[in-house]
Amino acid sequence: MKQFILYARKAATSPDFSLNDLPGTGGRMDLVARCICNALWLSHDLRRDTCIHVVACGSPNPPVVISFYGNMLKGVSPDERNIAAWIKKTLALKRQNPGIMLRKLSFQELIAELASDGKFFYILDEKGTDIAGVTLKPDPVFVIGDHTGLPEEATNYVERFEHETLSLGTTSYLASQCLSVLHYELDNK
Ligand code: SAM
C-alpha cells in the first residue's frame, strides 16, 4: 500500500467550517480536498492500493488525523466540495464512511505508529535526492507539506526514523500537484 501524509497546518478540526469558504473558514480545506482527490482518484476508478492521512492542525481542536482509504471509500465523488462535505460529516461524527477514519492523533504519533510497523518514509522536498535515481522501498510513506511547507520540527521528527528526502525536481509544486507527479512516476517505474 502507498501512503501519503499531508501536514495541514491550518485545516479545520471542527465541522463548523463553511462549504462555501473552504480556503477561509476551512483553513485551506480546498488544498486538503485537492490532495485527497489527486491521491486516490483515477478516471472512473479509485486507487485501491493507496491511502492518505491528513494531519489537521487548525482550530479549534488540533491535532486530528483524517485518513481516506481508496479500497474502502463508498459514495464519495472527486470534487472538492463533496470531499470537504465528507470531512465535515466525519468531524461531526454524523455519518460514517467505511473508507474514512478520524483519530485524535498527532503527526508524531502517526509517524511513530507507522515506523513501528516497519515503514520507510520519503520526505518530499525540492532539495532532496532526485526521484529519477531512487528505487523506492515497498509500501512507501510519503510526507508532504502544505502551502507553507513542512514545519522544521515535523521534518526533524521523521528524520529519527528510516527515511530519505526525495525531490521531484527543482520546480516548487503545489502539494496536490506533487501527488499527481508522484503517482505518474510510480505508475511508470
Ligand atoms: N513555500 C513552501 C516551502 O518552502 O516549503 C512551499 C511548499 S510546497 C507548495 C508544498 C509541499 O510540496 C512542500 O512542503 C514539499 O513537501 C512538496 N514539494 C513541492 N515541490 C516539490 C518538489 N519539486 N520536490 C519534492 N517535493 C516538493
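Q: Buried means under 20% relative accessible area. With that in mind, why is threonine 13 called buried?
A: In this predicted model, threonine 13 has a relative accessible area of 5%. That value is under 20%, so threonine 13 counts as buried.

Q: Where does threonine 13 lie, and what does its side chain reach at 2.7 Å?
A: Threonine 13 sits in the loop between β1 (2–8) and α1. Its side chain reaches the backbone nitrogen of asparagine 61 at 2.7 Å. A polar atom of that side chain also lies 2.8 Å from the backbone oxygen of glycine 58.

Q: What makes alanine 112 partly exposed rather than buried or exposed?
A: Its relative accessibility is 29%. Buried needs a value under 20% and exposed one over 50%, so alanine 112 falls in between. You will find alanine 112 in helix α3 (residues 107–116). From C-alpha to C-alpha, alanine 112 is 25 Å from leucine 168, with their positions 56 residues apart in sequence.

Q: How do you know on which side of the cut-off leucine 186 falls, buried or exposed?
A: Leucine 186, in helix α5, has a relative accessible area of 18%. The limit for buried is under 20%, so leucine 186 is buried. Its C-alpha atom is separated by 14 Å from that of aspartate 130, 56 residues apart along the chain.

Q: Why is α1 described as largely enclosed by the rest of the structure?
A: Ten of the twelve residues of α1 are buried, so the description fits. Among them are Met29, Asp30, Leu31, Val32 and Cys35.

Q: How do you know that the span of helix α1 agrees with what its twelve residues should give?
A: The expected span is 1.5 Å times one less than the number of residues. For α1 (residues 29–40) that comes to 16 Å, and the end C-alpha atoms are 16 Å apart, so the two agree.

Q: What makes the polar backbone atom of threonine 171 a polar contact of the ligand?
A: A nitrogen atom of the ligand is 2.6 Å from it. A polar contact is a pair of N or O atoms within 3.5 Å, so this pair qualifies. A backbone N or O atom of tyrosine 173 lies 2.9 Å from a ligand nitrogen, and one of aspartate 125 lies 3.3 Å from a ligand nitrogen. Threonine 171 and tyrosine 173 are also among the residues that come nearest, of the 17 around the ligand.

Q: What kinds of residue line the largest pocket, and which element gives the most?
A: This pocket has a volume of about 440 Å³. Of its 24 lining residues, those closest to the centre include Leu124, Glu126 and Tyr173. The lining divides into eleven nonpolar, nine polar and four charged residues. β7 gives the most, with five residues.

Q: How many cavities of 30 Å³ or more does a search of the whole structure find?
A: The search finds one. The largest cavity has a volume of about 30 Å³.

Q: Why is Gly27 counted as polar in the lining of the largest cavity?
A: Gly is placed among the polar residues by the classes used, so Gly27 is polar here. The lining, which also includes Ala8, Arg9, Leu31 and His147, divides into four nonpolar, two polar and four charged residues.

Methods:
Residues numbered from 1 in each chain as written. Predicted model: local features only at pLDDT ≥ 70, side-chain atom pairs only at ≥ 80, totals over all residues. Heavy atoms only, no water. 1 Å grid on protein atoms, 1.4 Å probe; cavity = no way out; pocket = protein on both sides within 12 Å on 5 of 7 lines; lining within 4 Å. Points joined across faces, edges and corners; volume = space filled by probe spheres on them. Helix = DSSP H or I, 4+ residues; strand = E, 2+ residues; numbered from the N terminus. Buried < 20%, exposed > 50% of the residue type's maximum accessible area, 1.4 Å probe, protein only. Near = heavy atom within 4 Å. Polar contact = N/O pair within 3.5 Å; in protein donor to acceptor, adjacent residues only side chain to side chain.
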